[in-house]
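Reader: I have a model open and would like to learn how to read its features. Could you walk me through them?

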Amino acid sequence: MEDNKTDRDILAKGLKTMGVSLGCMFLGPTLVYVALTNQEKPLYIPILILAIIICCLAIFFAFKGINTIMDSMFKKK
């Protein structure tokens, strides 16, 4: 008989990944706003590029975290 319990170690790893994603979700748009309000400053382009990279990382970590959480619940073999 198969045991359908959640693997807590993998679940914790997925929740940590979602925490990183949450941090990036706040940091990325904040940096975009800072970059776009200071367009006359010399660091405008590097801050904007960094902000876009952080926004992309937020999406990546969100998908990775959700996938890891689903793997902990439904045990992919």
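**Reading the model, feature by feature**

Author: Happily! Let's start with one residue: Met 70 counts as partly exposed because its relative accessibility is 35%. The cut-offs are these: buried means under 20% relative accessible area, exposed over 50%, and partly exposed in between, with a 1.4 Å probe and protein chains only. Met 70 is found in helix 2.

Reader: Before going on, what should I know about the model and its numbering?

Author: This is a predicted model, where local features need pLDDT of at least 70 and side-chain atom pairs count only at pLDDT 80 or more, while totals for chains, interfaces and linings use all residues. Residues are numbered from 1 along each chain as its sequence is written, and side-chain values use heavy atoms, with hydrogens and water left out.

Reader: How many helices and strands does the protein have?

Author: Helices (H or I, at least four residues) and strands (E, at least two) are DSSP runs, numbered from the N terminus. Here there are two helices and zero strands. Helix 2 covers residues 44-74.

Reader: What do the radius of gyration and the spans along the principal axes say about the protein?

Author: The radius of gyration is taken over C-alpha atoms, and the globule rule is 2.2 Å times the number of residues to the power 0.38. For a compact globule of 77 residues that gives a value near 11 Å, but the protein has 18 Å. The C-alpha trace spans about 65 × 15 × 10 Å along its principal axes.

Reader: Which share of the contacts joins residues 24 or more positions apart?

Author: A contact means heavy atoms within 4.5 Å. Among contacts with a separation of 6 or more, 74% are between residues 24 or more positions apart. Gly 65, whose place is in helix 2, gives you something to look at: leaving out residues up to four places away in sequence, Gly 65 touches Gly 14, Thr 17 and Met 18. The C-alpha atoms of Gly 65 and Lys 13 are separated by 7.9 Å, although the two are 52 residues apart along the chain.

Reader: Is Gly 65 buried or exposed?

Author: Gly 65 counts as buried, because its relative accessibility is 0%. Across the protein, buried residues make up 22% of the 77 residues. For contrast, look at Phe 74, also found in helix 2: Phe 74 counts as exposed because its relative accessibility is 64%. Sequence and space can be compared here too, since Phe 74 and Thr 30 are 44 residues apart in sequence and 36 Å apart in space, C-alpha to C-alpha.

Reader: How is the accessible surface of the protein made up?

Author: Accessible areas come from the Shrake-Rupley method with a 1.4 Å probe, and for residues only the protein chains shown count as cover. The total comes to about 6000 Å², of which 69% belongs to carbon and sulfur atoms.

Reader: Which residues form the nonpolar patch on the surface?

Author: Patches are made of residues with over 30% relative accessible area and no salt bridge, joining like charges within 9 Å and nonpolar side chains (Val, Leu, Ile, Met, Phe, Trp, Tyr) within 5 Å. A salt bridge is a side-chain nitrogen of Lys or Arg within 4 Å of a carboxyl oxygen of Asp or Glu. In this model, Ile 45, Ile 49, Ile 53, Leu 57 and Phe 60 form the patch, with about 450 Å² of accessible area together. Leu 57 counts as partly exposed, at 35% relative accessibility.

Reader: How many disulfides does the structure hold?

Author: A disulfide is a covalent bond between the sulfur atoms of two cysteines. The test is a pair of cysteine sulfur atoms within 2.5 Å. The structure holds zero disulfides. Cys 55 is in none, as the nearest cysteine sulfur, that of Cys 56, is 7.0 Å away.
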